[in-house]
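Let's take a friendly walk through a protein model, looking at how its helices and strands fit together. Keep the picture beside you as you read.

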Amino acid sequence: MSRSSYIFTSESVSEGHPDKVCDRISDAVVDLFLGRDPEARVACETLTTTNQIVLAGETRISKDVAPTDEEIEAVARDAVKDIGYEQDGFHWKNSNLQNFLHEQSAHIAQGVDAGADKDEGAGDQGIMFGYATNETEALMPAPIQFSHQILQRMAELRKSGARPEFEPDAKSQVTLRYENRRPVGVTSVVVSTQHKEGLSQDDIKELVRPVVADVLPEGWFPPEAEFYVNPTGTFVIGGPDGDAGLTGRKIIVDTYGGAAPHGGGAFSGKDPTKVDRSAAYACRWLAKNVVAAGLADRCTIQVSYAIGVSKPLSLYVDLHGTGQVAEAKLEDALMQIADLSPRGIRTALGLNKPIYARTAAYGHFGRTPDADGGFSWETTGLVDQLKSLA
């Protein structure tokens, strides 16, 4: 029997965290290629360390529209500049950049591309999950949602000049108490933020305090003894200068903060033919619509694929005992509503667009859909169909 009362924690990291710097650069490269050719193939990995940026991976695009090495370098540096790194140990303009991107393997292409006798196949085998819960308006778990919002607000204050004391690298962690499976209060908050020299731990704590108070519901601020800000003390050296970064190392931060399963595949740096990314978006889309339709309080969806095969091998729905409809019936309904082939997902969600750099920090889910198609997987246009079918 699952527990109804418990304490649960999720963490987030800012856009200036070393791994998130890499995610942002990799997704900026994806956007560059998709902006030239909606059918481009990209798998871009990034490594950062002290004044070093290294790109590696594979791409495929028509030679007449292919970005030059200079253009790829420019978007990578612009990404670092937008994050805000102009430090001695990591500077958008002065860091050494090495580009090892190369042409996609022909053996991968032959399995994935559509042909006369087959539809386009999945870019890899694997399992993907989507999740939604009605404990927040965004239909996201509250701990990860609050953790993201704290760091987003700090970044806004830093970039606007209202809080120049903050530097780009930061982490947050929020612990909630649940009763009857609903969040009822915060038991602790941890925030660690890189900062300008000359500030004490108490100085930073008082700068962070109003941000946390503004994000959390009224009356949910943790006890003072459980409000931790820069618990190690000084945090001046940060970002890739303080710790190396890699693309794809913050997959739980990117999704549901540990409140739901994860298939293991990262999102950033991958074009939408890669089902690690597109099918995870589709699963979130379906799960969110199930909850938005009132068919369950919580919904987890899993799909699986084989490389080169267009149809999903399986679709599994778990409503965690909160459903208003049988899970098997809902599985049938979802298969009728949604084409979960790689091409079907990209068409339904409009994924062949340069919309990915914006996803690289503060979560891929629980965001507001953009007019240009960004975060299309957060729309709830399937609600009426689901109600009628289920």
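## Where two helices meet

In helix α4, the residues F146, Q149, I150, R153, M154 and L157 meet V208, V211, V212, D214 and V215 of α5. Sorted by character, the residues of this contact are eight nonpolar, one polar and two charged. A word of caution before we go on: this is a predicted model.

How do the two helices lie against each other? The axes of α4 (residues 142-160) and α5 (residues 201-215) come within 9 Å and cross at roughly 130 degrees. Because of that angle, α4 counts as oblique to α5. The crossing of α4 past α5 is right-handed.

## A second helix pair

Now look at helix α8 (residues 275-292) and helix α10 (residues 342-349), which pack at an angle of about 60 degrees with their axes 10 Å apart. That angle makes α8 oblique to α10. Here the crossing is left-handed. On the α8 side the contact is made by V275, S278, A279, Y281, A282 and W285, and on the α10 side by P342, I345, A348 and L349. Which kinds of residue make up the contact of α8 with α10? There are nine nonpolar residues, one polar residue and no charged ones.

The two pairs can be set side by side:

| Helix pair | Angle and axis distance |
|---|---|
| α4 and α5 | roughly 130 degrees, within 9 Å |
| α8 and α10 | about 60 degrees, 10 Å |

## The sheet of three strands

Next come the strands. Strands of a sheet pair through backbone hydrogen bonds, and the pairing can be parallel or antiparallel. In this model, three strands form an open sheet in the order β7-β12-β13, with antiparallel pairing. At the edges stand β7 (126-133) and β13 (314-318), each with a single partner strand, so one side of each has no neighbour in the sheet. On average, and ignoring direction, neighbouring strands of this sheet are turned by 15 degrees against each other.

How many bridges link β7 and β12? Strand β12 (residues 298-305) pairs with β7 over eight bridges, in the antiparallel sense. To find your place along β12, look for R298, which stands opposite T133. Helix α9 (residues 327-337) lies across β12 and β13, and runs at about 135 degrees to β13.

## The sheet of four strands

Another open sheet has four strands in the order β6-β3-β2-β11, and its pairing is mixed. Its edge strands are β6 (96-103) and β11 (245-246), each of which pairs on one side only. Strand β2 (residues 41-49) and β11 run antiparallel and are joined by two bridges. In β11, G245 is the bridge partner of T48.

Helices pack against this sheet too. Helix α1 (residues 18-36) lies across β2, β3 (52-60), β6 and β11, running at about 150 degrees to β2. Helix α2 (residues 69-83) touches β3 and β6, and its direction makes about 130 degrees with that of β6.

## Stepping back

What does the chain look like as a whole? It holds 11 helices and 13 strands. Its radius of gyration is 21 Å, close to the 21 Å that the globule rule gives for 390 residues, so the chain is as compact as a globular protein of that length. Taken along the principal axes, the C-alpha atoms fill a box of roughly 65 × 55 × 35 Å.

Methods: Residues numbered from 1 in each chain as written. Predicted model: local features only at pLDDT ≥ 70, side-chain atom pairs only at ≥ 80, totals over all residues. Heavy atoms only, no water. Axes fitted to C-alpha atoms, helices over the stretch in contact; angles between N-to-C directions. Parallel < 35°, antiparallel > 145°, perpendicular 65-115°, else oblique. Left-handed = near helix turned anticlockwise from the far one by under 90°. Contact = heavy atoms within 4.5 Å. Nonpolar A, V, L, I, M, F, W, Y, C, P; charged D, E, K, R; others polar. Pairing = 2+ DSSP bridges. Rg over C-alpha atoms; globule rule 2.2 N^0.38 Å.
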